[in-house]
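Please work through the following exercises with the sequence and the structure side by side. Each task is followed by a solution that goes step by step.

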Amino acid sequence: MNAVAAHVTGFQHIGLPTNDLEKTIEFYKSLGFEVAFATEIPSDKVAFLKLKNICIESYQSTGEPCAVGKAGAIAHIALDVDDIEAAWAAVKAAGHTPLEDEIQSLPFWARGVRFFNIEGPNAEIVEFSQVL
């Protein structure tokens with residue numbers, strides 16, 4: 001088995017930028033999604049919307065503008081991992097360079113999340129994420 005794949009346990013979420021988080025929440029609620037987690041951090045308002053095994057992280061940035069409303073506006077895909085440090089090492093050993101200098105943390109979910117990102121061949125971001 002591939003060393004990176006050995007740590008991936010499933011699909012985590014799709015990152016969807018928005019200019020109106022409340023409107024986005026209401027739209028996805030009309031499709032049956034529920035708000036699983038919502039918060040504000042210094043530069044963003046964030047909501048994780050879930051329907052069965054689908055999770056969308058929608059965020060409204062107060063900092064740099066996102067490519068909202070354009071084809072391809074999905075910002076990133078995220079993969080669940082079982083061990084963020086081992087995934088970090090495996091990704092680097094596979095020849096990929098993380099976009100961050102170290103594993104990042106945010107106060108999402110009950111106990112936080114640790115993650116890092118790499119850039120794919122089409123400028124897409126692939127996030128490796130461990131919900132704590």
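**Exercise 1: a serine in a strand**

Serine 129 is found in strand β8 of this predicted model. Determine whether serine 129 is buried or exposed, and list which residues it touches, not counting those up to four places away in sequence.

*Solution.* Begin with the relative accessible area, which is 1% for serine 129. The cut-off for a buried residue is under 20%, and serine 129 is therefore classed as buried. Turning to its surroundings, serine 129 touches Gln12, Leu79, Asp80, Val81, Ile84, Val113, Arg114 and Phe115.

**Exercise 2: the sheet and its edges**

Establish the order of the strands in the sheet, and explain why one side of β2 and of β6 is left without a neighbour.

*Solution.* Tracing the open sheet of 8 strands gives the order β2-β3-β4-β1-β5-β8-β7-β6, with mixed pairing. Because β2 (34–41) and β6 (104–106) stand at the edges and each has a single partner strand, one side of each lacks a neighbour in the sheet. On average, neighbouring strands of this sheet are turned by 25° against each other, direction ignored. For one pair in detail, β3 (residues 44–51) and β4 (residues 54–61) run antiparallel and are joined by 8 bridges, and lysine 45 has glutamine 60 in β4 as its bridge partner.

**Exercise 3: the helices on the strands**

Identify which strands helix α1 lies across, and which strands helix α2 lies across.

*Solution.* Helix α1 (residues 21–30) lies across β1 (8–17), β2, β3 and β4, and runs at about 5° to β3. Helix α2 (residues 84–93) lies across β5 (76–81), β7 (113–119) and β8 (125–131), running at about 15° to β7.

Technical notes
Residues numbered from 1 in each chain as written. Predicted model: local features only at pLDDT ≥ 70, side-chain atom pairs only at ≥ 80, totals over all residues. Heavy atoms only, no water. Pairing = 2+ DSSP bridges. Helix = DSSP H or I, 4+ residues; strand = E, 2+ residues; numbered from the N terminus. Axes fitted to C-alpha atoms, helices over the stretch in contact; angles between N-to-C directions. Contact = heavy atoms within 4.5 Å. Buried < 20%, exposed > 50% of the residue type's maximum accessible area, 1.4 Å probe, protein only.
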